Amino acid sequence: MPQIFTASADTWLRAMLLLAVLVICAGILLIGGYMDSSYATLVGWVRDQPVPFSHEHHVRGLGIDCRYCHTSVEIGPQAGLPATHICMTCHSQVWTGAPMLAPVRESLAKDTPLQWHRVARVPDYVYFNHSIHIARGVPCVTCHGRVDQMPLLARAEPFQMQWCLDCHRNPAPNLRPPDQVTRMDWSDWDNHPEQHKEYGALMVKAYGIEPSKLDDCSICHR
Ligand code: HEC
Ligand code: HEC
Ligand code: HEC
Ligand code: HEC
Ligand code: HEC
């Protein structure tokens with residue numbers, strides 16, 4: 001029998017196979033890197049808004065509580081974005097003529113809501129509910145970061161499934177007194193672990209939270 005594949009063809013074949021394997025590995029690494037990167041998770045990215053609303057100014061500077069504007073955060077699935085008249089309780093008196101606020105005045109005059117561009121959202125097939133998290137004392141800052149330091153709002157956490165699951169499987173360290181959820185700075189609490197170590201574990205018992213069931217698919221995919 002004459003040899004169909006010469007020795008050198010065999011070497012080529014091996015080299016091609018090796019290359020193919022390398023390309024596939026590189027591809028997997030690239031996709032993995034992309035999924036974790038801020039491009040995919042949108043962490044830290046701000047968006048153009050109809051009005052350059054500053055949480056830093058209104059929350060930290062003026063001391064307005066989150067619930068003044070996000071009125072349904074304690075009672076419903078959605079936190080809710082503020083209706084124009086909420087801005088106007090103040091802006092009919094301060095900065096009344098400011099060009100920056102023209103879209104707000106126009107929205108009130110025409111009775112059409114401002115079209116904010118969302119930065120914090122999960123896909124439609126995921127069920128999320130604010131009220132239960134607030135009732136159990138998961139603070140806003142855990143999921144949304146230091147919004148009081150954001151002149152323009154950006155997403156603070158990746159909102160990927162793994163992120164939700166990490167807390168659902170061990171919620172105790174994230175629980176705080178529910179009447180304090182809108183507080184942004186917890187450094188005094190975090191700096192006294194000896195005082196607060198027991199709190200989360202006690203609350204998990206008191207609320208009857210069952211971490212072993214909180215990662216059931218049907219909790220978030222209904
Ligand atoms: C409780 C009162 C209050 C409410 C409610 C309020 N603002 Fe303001 N806002 C202020 C004050 C006071 C200033 C700043 C004046 C200054 O610079 O000292 C301000 C400033 C601003 C500015 C100028 C840029 C800046 O941040 O300095 C914009 C834009 C603005 N507000 C938009 C809004 C929008 C949009 C809403 C509704 C979602 C809103 N505000 C609700 C009191 C309020
Ligand atoms: C004076 C009104 C006001 C107050 C007080 C306020 N917000 Fe907001 N918030 C807004 C407005 C207006 C938007 C939409 C524009 C933007 O994204 O900046 C918004 C957007 C957000 C978003 C992004 C929603 C999305 O998907 O785009 C988050 C998260 C948020 N606020 C959290 C908070 C938290 C946490 C607090 C309290 C620490 C707070 N806000 C206090 C008015 C307010
Ligand atoms: C356990 C994490 C978690 C906590 C705690 C939390 N949020 Fe959210 N928030 C989310 C997620 C996830 C979304 C996206 C929901 C969606 O796309 O339906 C969101 C969306 C929002 C939005 C967008 C608009 C809307 O109607 O939902 C606002 C505003 C907001 N959150 C404010 C708050 C405020 C204020 C608090 C504290 C009082 C808070 N959130 C606490 C995870 C959280
Ligand atoms: C920092 C902690 C934390 C994070 C992050 C978190 N959760 Fe939760 N979640 C909780 C706690 C605590 C409860 C209350 C469980 C209870 O009372 O049984 C809860 C409850 C829920 C419930 C209601 C369960 C029920 O029995 O009705 C849903 C739905 C939910 N979470 C969805 C999500 C989704 C989706 C995400 C991610 C986008 C998320 N959660 C992120 C802590 C968290
Ligand atoms: C605590 C909430 C939560 C639970 C429990 C949960 N998921 Fe998810 N899931 C999410 C979120 C949030 C996303 C959106 C991820 C994103 O946008 O990157 C998601 C996305 C997905 C996707 C889309 C592909 C992907 O990975 O992005 C699939 C498939 C999925 N989940 C399957 C499941 C299965 C199967 C279970 C049960 C073993 C489960 N999930 C339990 C929150 C949850």
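**Exercise 1. Which residues coordinate the iron atom of ligand 5?**

Solution. The model is predicted; local features need pLDDT of at least 70, side-chain atom pairs count only at pLDDT 80 or more, and totals for chains, interfaces and linings use all residues. Residues are numbered from 1 along each chain as its sequence is written, chains are lettered from A and ligands numbered from 1 in the order in which they are written, and side-chain values use heavy atoms, without hydrogens and water.

Step 1. M161 (SD) and H221 (NE2) coordinate the iron atom of ligand 5, at 2.0 Å. Donors are N, O and S atoms within 2.8 Å of the metal (3.2 Å for Na, K and Ca).

Step 2. The six donor atoms subtend angles of 86 to 180 degrees, so the arrangement is octahedral. Six donors count as octahedral if opposite donors are over 155 degrees apart and all others between 65 and 115.

Step 3. M161 lies in helix α9 (residues 161-169), and H221 in the segment after α12 (217-220), 60 residues apart. Helices are DSSP runs (H or I, at least four residues), numbered from the N terminus.

**Exercise 2. Find the residues that coordinate the iron atom of ligand 4, and place them.**

Solution. Step 1. The coordinating atoms are NE2 of H133 and NE2 of H168, at 2.0 Å.

Step 2. H133 sits in helix α7 (residues 130-135) and H168 in helix α9, so the pair ties together parts 35 residues apart in sequence.

Step 3. Angles among the six donor atoms run from 84 to 180 degrees, and the site is octahedral.

**Exercise 3. Repeat this for the iron atom of ligand 2.**

Solution. Step 1. H55 (NE2) and H70 (NE2) coordinate this iron atom at 2.0 Å.

Step 2. H55 is in helix α3 (residues 55-61); H70 is in the loop between α4 (66-69) and α5. The two are 15 residues apart.

Step 3. The site is octahedral, with angles of 88 to 180 degrees among six donor atoms.

**Exercise 4. Describe how α5 and α6 pack.**

Solution. Step 1. Helix α5 (residues 84-91) and helix α6 (residues 102-110) pack at about 120 degrees, with axes 10 Å apart. Axes are lines fitted to C-alpha atoms over the stretch in contact, and angles run from 0 to 180 degrees between N-to-C directions.

Step 2. The two helices are therefore oblique to each other. Angles under 35 degrees count as roughly parallel, over 145 as roughly antiparallel, 65 to 115 as roughly perpendicular, and the rest as oblique.

Step 3. T84, H85, C87 and M88 in α5 meet V104, R105, S107 and L108 in α6. Contact means heavy atoms within 4.5 Å.

Key:
Tetrahedral: all angles 85-135°; square planar, octahedral: opposite > 155°, others 65-115°.
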